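Visitor: Could you take me on a close look at the core of this protein, and show me how the parts around that core fit together?

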Amino acid sequence: MVRLFVAIDLPDEIRRQFFDVQNSLRSSRARISLVDQESMHITLKFIGEVSGSVLPQITEILQTIESSPFSMEVGLIGTNSQRAPRVIWAEVDDHGPCRALAKTIDSSLVSLGFEPEKRKFRPHITIARVRQFHQSLFEAMAGVAASCSGTIPVNEFILKKSELTPDGPIYTNILHIPLKENL
């Protein structure tokens, strides 16, 4: 069995900006686990645990997906919930192409028996996970909410394998699918 997802990788200059954000979050009294900067990405579709025998079918379908390159902007630092946050993320301003790509990937995999995503797609970059919330987390976030910016050029999407370990997940790129101009 392999655990798979489809994602967009980030430029190094975008990843590096989250270092100060993560340091600020450490100053709160919340218990958080920080995402390794090298592992930061934008998830387009979480596929989940699949048999290795299904992998060739997944890669075949993903290679048929067509989309033109596009770009997005890093937005504000926020959370998935104001009452009981579990994830701290950087919002990503998408004017539609990322959402359309995620929807195409999602619907393309239905033919293999994968359930379509029921939640509305919201592109973001996970910075930390909240293990135990404390109100001071919002104070720490307030100081860095608008501290990151930049353009994320999207010229490909990637099928990744996720191996869960006690030290955090290890991601391995399985397949790069380039986006092509003039589609």
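Guide: Happy to! Please keep in mind that this is a predicted model. The largest nonpolar core has 50 residues, and those with the most contacts inside this core are Phe18, Leu44 and Phe157. Let us start with Phe157. Leaving aside residues up to four places away in sequence, Phe157 touches Val6, Ala7, Leu44, Leu62, Ile65, Leu101, Ile105, Leu175, His176, Ile177 and Leu179.

To place those names, look for the sheet. You will find an open sheet of four strands, with antiparallel pairing and the order β3-β1-β8-β9. At the edges are β3 (41–50) and β9 (170–178), each of which pairs on one side only. From one strand to the next, the twist averages 25°.

Now follow strand β1, which covers residues 2–9 and pairs with β3 in the antiparallel sense over eight bridges. Ala7, one of the contacts of Phe157, stands opposite Thr43 in β3. Next to the sheet there are helices to find. Helix α2 (residues 55–62) packs on the sheet and touches β1, β3, β8 (156–163) and β9, with a direction that makes about 160° with that of β8. Helix α3 (residues 97–108) also packs on the sheet, where α3 touches β1, β3 and β8; the direction of α3 makes about 10° with that of β3.

Stay with β1 a little longer. What does Val6 face in the two neighbouring strands? In β3, the bridge partner of Val6 is Lys45, while in β8 Val6 stands opposite Leu159. The strands β1 and β8 run antiparallel and are joined by four bridges. As for cover, six of the eight residues of β1 are buried, leaving this strand mostly covered. It helps to know that side chains in a regular strand alternate between the two faces of the sheet.

Let us turn to Phe18, another of the residues with the most contacts inside the core. Which residue far along the chain comes to within 7.1 Å of Phe18, C-alpha to C-alpha? Try Cys148: the two are 130 residues apart along the chain, yet their C-alpha atoms are separated by 7.1 Å. Cys148 lies in the loop between α4 (136–142) and β7 (151–154). Is Cys148 buried or exposed? Its relative accessibility is 4%, so Cys148 counts as buried. Not counting residues up to four places away in sequence, Cys148 touches Gln17, Phe18, Val21, Val74, Gly75 and Ile77.

Finally, step back to the whole protein. There are four helices and nine strands, and from the N terminus on the elements run β-α-β-β-α-β-β-α-β-α-β-β-β. The radius of gyration is 17 Å, close to the 16 Å that the globule rule gives for 183 residues, so the protein is as compact as a globular protein of that length. Along its principal axes, the C-alpha trace spans about 45 × 35 × 30 Å. Of the 183 residues, 44% count as buried. The pairing of Cys148 with Phe18 has plenty of company: among contacts between residues at least 6 apart in sequence, 77% join residues at least 24 apart. On the outside, the accessible surface comes to about 10,000 Å², and 49% of that belongs to carbon and sulfur atoms.

Technical notes
Residues are numbered from 1 along each chain as its sequence is written. This is a predicted model: local features need pLDDT of at least 70, side-chain atom pairs count only at pLDDT 80 or more; totals for chains, interfaces and linings use all residues. Side-chain values use heavy atoms; hydrogens and water are left out. Two strands pair if DSSP finds at least two bridges between them. Axes are lines fitted to C-alpha atoms, for helices over the stretch in contact, and angles run from 0 to 180 degrees between N-to-C directions. Contact means heavy atoms within 4.5 Å. A nonpolar core is a set of buried Ala, Val, Leu, Ile, Met, Phe, Trp, Tyr and Cys residues joined through side-chain atoms within 4.5 Å. Buried means under 20% relative accessible area, exposed over 50%, partly exposed in between (1.4 Å probe, protein chains only). The radius of gyration is taken over C-alpha atoms; the globule rule is 2.2 Å times the number of residues to the power 0.38. Accessible areas come from the Shrake-Rupley method with a 1.4 Å probe; for residues, only the protein chains shown count as cover.
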